[in-house]
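Open your viewer, get the model on screen and keep the selection box handy. We'll go stop by stop, and at each one I'll tell you what to pick and what is there.

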Amino acid sequence: MKACVFCKIVNGELPATKLIEDKKAVAFLDINPVNHGHILVVPRKHYETVMDIPGKELGKVMEMVPPLAKAVTEVTNADGLNVFQTNKPCAGQTVPHVHVHIIPRHKNDGFHFGWRQGRYSEGEIDRMQWGILKALGE
Ligand code: AMP
Ligand code: ZN
């Protein structure tokens, strides 16, 4: 995709601090890190979201996560780590090319997801299960 920032990075048209790459995926440092060592892993091929990418291709992206997570934890002396992914602007996606964030975390680093968890009312969770299974074709 011509105008896509991550396609440009993958193709070498835009500079990036690359870490590892193979036939299917590329990992590089996020230019505006939540914490130092914040990494992005992207598929070489342009897919907008996880709703578009085949599972096998996403698998190739995810294969890079454990070794990178281990290495960056060691280098940054992180206390923990988030693996995070956004799809569509309402979920925080600013670059419409699938990417996985690897974010080293430190005690009291001040980064919060601000999750607000709700509840299902009577029967709602079963209807949800039924709806998803139907959509899956089960
Ligand atoms: P998201 O908000 O989940 O779509 O994440 C997009 C991420 O891409 C953000 O964390 C940006 O800081 C990062 N980003 C945008 N442009 C570049 C770039 N040229 N090089 C490295 N990271 C980038
Ligand atoms: Zn792209």
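## Stop 1: ligand 1

Select Thr 94 together with ligand 1: a backbone N or O atom of Thr 94 sits 2.6 Å from an oxygen atom of the ligand. Add Val 95, where a polar backbone atom is 3.1 Å from an oxygen atom of ligand 1. Then add His 101, which puts a polar side-chain atom 2.8 Å from an oxygen atom of ligand 1. How much of ligand 1 does the protein bury? Taken alone, ligand 1 exposes 500 Å², and the protein buries 82% of that. (Accessible areas come from the Shrake-Rupley method with a 1.4 Å probe; for residues, only the protein chains shown count as cover.)

Now show everything around the ligand: 16 residues surround ligand 1, and the closest are Asp 30, Thr 86, Thr 94, His 99 and His 101. (To be near a molecule or strand, a residue needs a heavy atom within 4 Å of it.)

A quick word on what you're looking at: this is a predicted model, in which local features need pLDDT of at least 70 and side-chain atom pairs count only at pLDDT 80 or more, while totals for chains, interfaces and linings use all residues. Residues are numbered from 1 along each chain as its sequence is written, chains are lettered from A and ligands numbered from 1 in the order in which they are written, and side-chain values use heavy atoms, with hydrogens and water left out.

## Stop 2: the zinc ion

Select ligand 2, the zinc ion, and then its protein donors: Cys 4 (SG), Cys 7 (SG), His 46 (ND1) and His 97 (ND1), at 2.0 to 2.3 Å from it. (Donors are N, O and S atoms within 2.8 Å of the metal, or 3.2 Å for Na, K and Ca; water is not among the atoms, so sites may look incomplete.) Why is the arrangement called tetrahedral? Because the four donor atoms subtend angles of 106 to 118° around the zinc ion. (Four donors count as tetrahedral if all angles lie between 85 and 135 degrees; four count as square planar and six as octahedral if opposite donors are over 155 degrees apart and all others between 65 and 115; anything else is irregular.)

Along the sequence, these donor residues are spaced C-x2-C-x38-H-x50-H. His 46 is in the loop between strand S3 (39–43) and helix H2 (55–62), and His 97 is in the loop between strand S4 (80–85) and strand S5 (100–105), so the pair ties together parts that are 51 residues apart in sequence. (Helices, H or I with at least four residues, and strands, E with at least two, are DSSP runs numbered from the N terminus.)

Are these two histidines buried or exposed? His 46 is partly exposed at 23% relative accessible area, whereas His 97 is buried at 0%. (Buried means under 20% relative accessible area, exposed over 50%, partly exposed in between, with a 1.4 Å probe and protein chains only.)

## Stop 3: strand S4

Select Asn 82, which is in strand S4 and is buried at 18% relative accessibility. Its side chain makes a polar contact with the side chain of Arg 105, at 2.6 Å. (A polar contact is a pair of N or O atoms within 3.5 Å; within protein, one must be able to donate a hydrogen and the other to accept it, and residues adjacent in sequence count only if both atoms are side-chain atoms.)

Move to Leu 81, also in strand S4 and partly exposed at 28%. Leaving aside neighbours within four places in sequence, Leu 81 is in contact with several residues, including Ala 69, Val 72 and Ile 103. (Contact means heavy atoms within 4.5 Å.)

## Stop 4: two loop residues

Pick Lys 88 in the loop between S4 and S5. Lys 88 has a positive phi of about 75° although it is not a glycine, and it is partly exposed at 37%. Next, try Asn 108 in the loop between S5 and H4. Phi of Asn 108 is positive too, near 55°, and this residue is exposed at 82%.

## Last stop: zoom out

Show the whole protein as a cartoon. How many helices and strands are there? The protein has four helices and five strands, running α-β-β-β-α-α-β-β-α from the N terminus on. The C-alpha trace spans about 50 × 40 × 25 Å along its principal axes, and of the 138 residues, 32% count as buried.
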